[in-house]
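Trainee: Got a minute? I'd like to go through this model with you before I use it for anything.

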Amino acid sequence: MSNYERKKTTPCCVGCMQAIKWIPVIFIASVIAWSYYAYVVELCVLAIESTFEKIAFLIFYHVICVLFFWSYWNTVFTPVGTVPSNWRIPESEIERLFRAESQEQQKRILEYCARDLPVTNRTLNGSVRFCDKCRIIKPDRCHHCSVCGTCVLKMDHHCPWVNNCVCFNNYKFFVLFLGYALLYCLYVALTSLEYFIRFWRSEFLEQGELTSGGMGRFHILFLFFVSLMFAISLVSLFGYHIYLVLKNRTTLEAFRAPIFRVGGADKNGFNLGKFANFQEVFGDNWKLWFLPIYSSTGNGDGLQYPTTTMHHHHHQQQQQHQEHQLQSNATSYHSMDDSRNRLDVQLPHPTDKLISYENTMHTPTVEVPNINHHHHQQQDVSLSTGANIDSAAINGNVIVNMDILDTTKSSTVENKANLADIHKLA
């Protein structure tokens, strides 16, 4: 019999039990309504004389009160996250599972049913987790709530003060509700402290500041004590859930560590770092962090969660990719540098580049006849032209090998003068 069928066959008296579950919520709503009257009417309107102080107190009070009540409303009325139907075990497999003669046979059946599902959590005996009441494969961090009668995604606990499961869908609202409730109580206690002290000194009655007499003093006295009492109780609860958020744990996981397929039991199995853990609950958009609006887009659909092992593996891959990029850039830079160094070694000075290429490049030559025909002696010609000229005697003629002449004006004039001397000698 499925969970839905069991709900249909539930006796009508369960409706009375459902109504009783709303008593804590009605009590909290009544306290909020009474505190609003006591603070706004009895304190701000009747007790405080300064107009500026009244306006300032009321503005800040209403901002905190709206955020507080908005968070509480969303925590109470947000539906719990349930498991999709594709996680349900087929009836044929359920029969085989219940008829299994050993745990190993059950493990094989469950592994087969969960072959396409992203599950990493396991039971104590290492098998895939499943719910025999809902007849589904349990996603990671999912647990069955006996009060709600269903499996809840990322279940933290069932809170009677909100008559709802604190889970994947409303955990952000619940944390904000605790935070704004604490801020609300502290604000009311601190702003009413002065008038509470004056009440004990009997200054209200002497100055006639409270027209309602003893009833007005009772509201202010009770307002201070109630706000202080709730603030003390909320400090520890809010601090504990902030700790759980930064560790990426639920209340159930804090008391019983989740068991992973690889690594076994590990309380820090979902810990991705404080900031990443915070974003998993409050979302990536910082503008919506402190508003009771669903913004946990980075948390996915509540069916699968990044684990510490996956996060470290992804981080290592990114580091390796960055190191590979740096090595590639460094290699290309050094190869370019080596090519420049090789060129500089071959050609140590810019003016020597032409000389170094004289064996590979065809340079202009000037054939100068021997000026002494009688002695047929070899003569070396050395010209100071601003360019380097090498000479050799071949068959009585002087062969002059010239580099490319400088293009400056002075070099051009000297070149022309030396060439004229050569023609005269010829």
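Trainee: Let me start with a random pick: is glycine 239 buried, partly exposed or exposed?

Mentor: Partly exposed, because its relative accessible area is 36%. Keep in mind that this is a predicted model.

Trainee: Which helix does glycine 239 lie in?

Mentor: Glycine 239 is in helix α9, residues 214-247. Across space, its C-alpha is 9.8 Å from that of valine 175, and the two are 64 residues apart in sequence.

Trainee: What does the UniProt entry have as transmembrane region?

Mentor: The unreviewed entry annotates residues 25-48, 55-73, 173-197 and 218-243 that way. In the model, residues 218-243 are 100% helix and 0% strand, with the end C-alpha atoms 38 Å apart. For residues 25-48, the figures are 96% helix, 0% strand and 32 Å between the end C-alpha atoms.

Trainee: Okay, confidence. What's the average pLDDT?

Mentor: The average is 76, and 65% of the residues score at least 70. Over residues 339-413 the pLDDT is below 50, though that stretch still has 78 contacts in the model beyond near neighbours in sequence. Residues 1-9 also stay under 50, with 12 contacts beyond four places in sequence.

Trainee: And where is confidence lowest and highest?

Mentor: Lowest in helix α13, residues 353-356, with a mean of 37. Strand β7, residues 164-166, is the highest at 96. Where pLDDT is low, don't read the predicted coordinates in detail.

Trainee: Fair. How many helices and strands are there?

Mentor: The protein has 14 helices and 12 strands. Buried residues account for 38% of its 426 residues. Of the contacts between residues at least 6 apart in sequence, 61% join residues at least 24 apart.

Trainee: Which residues have the most contacts inside the largest nonpolar core?

Mentor: Tyr39, Tyr61, Phe177, Tyr184 and Phe282, in a core of 46 residues. Helices α3, α4, α7, α9 and α11 each supply at least two of the core's residues. The biggest giver is α7, with 14 residues.

Trainee: What is tyrosine 39 in contact with, leaving aside its neighbours within four places in sequence?

Mentor: It's in contact with Cys44, Phe57, Tyr61, Tyr187, Val188, Thr191 and Leu223. There's also another core, lying apart from the largest one, with 25 residues, among them Val83, Leu110, Ala114 and Cys142.

Trainee: Now the rings. How many aromatic pairs are there in the whole structure?

Mentor: A search finds 23. One of them is phenylalanine 174 with phenylalanine 177, a tilted pair at 6.4 Å centre to centre and 50° between the planes.

Trainee: Why are phenylalanine 174 and phenylalanine 177 about one helical turn apart?

Mentor: Because they are three residues apart in helix α7, residues 171-200. Phenylalanine 174 is buried at 2% relative accessible area, and phenylalanine 177 counts as buried at 9%. A stacked pair is formed by phenylalanine 278 and phenylalanine 282, 4.5 Å centre to centre with 15° between the planes. They sit four residues apart in helix α11, so about one helical turn separates them. Phenylalanine 278 and phenylalanine 282 are buried too.

Trainee: Which residues form the aromatic cluster?

Mentor: Tyr36, Tyr39, Tyr61, Phe68, Tyr72, Phe174, Phe177, Tyr184 and Tyr187 form one cluster.

Trainee: Switching topic: which ring does the charged end of arginine 141 sit over?

Mentor: Phenylalanine 270 is one, with the charged end 4.2 Å from the ring centre. The charged end of arginine 141 also sits over the ring of tyrosine 305, 5.1 Å from its centre.

Trainee: Last thing, backbone. What is the phi of arginine 135?

Mentor: It's positive, about 60°, although arginine 135 is not a glycine. Most residues other than glycine have a negative phi. Arginine 135 belongs to the loop between β2 and β3, and it counts as buried because its relative accessible area is 18%, with the cut-off being under 20%.

Trainee: And where is asparagine 163?

Mentor: In the loop between β6 and β7. Asparagine 163 has a positive phi of about 50° and is not a glycine either. Its relative accessible area is 15%, so asparagine 163 is buried.

Notes. Residues numbered from 1 in each chain as written. Predicted model: local features only at pLDDT ≥ 70, side-chain atom pairs only at ≥ 80, totals over all residues. Heavy atoms only, no water. pLDDT = per-residue confidence, 0-100. Contact = heavy atoms within 4.5 Å. UniProt positions renumbered as here; feature names shortened; annotations may be inferred. Buried < 20%, exposed > 50% of the residue type's maximum accessible area, 1.4 Å probe, protein only. Phe/Tyr/Trp six-rings, centres within 6.5 Å; stacked < 30°, edge-to-face > 60°. Lys NZ or Arg CZ within 6 Å of the ring centre and 35° of its normal. Core = buried A, V, L, I, M, F, W, Y, C linked by side-chain atoms within 4.5 Å.
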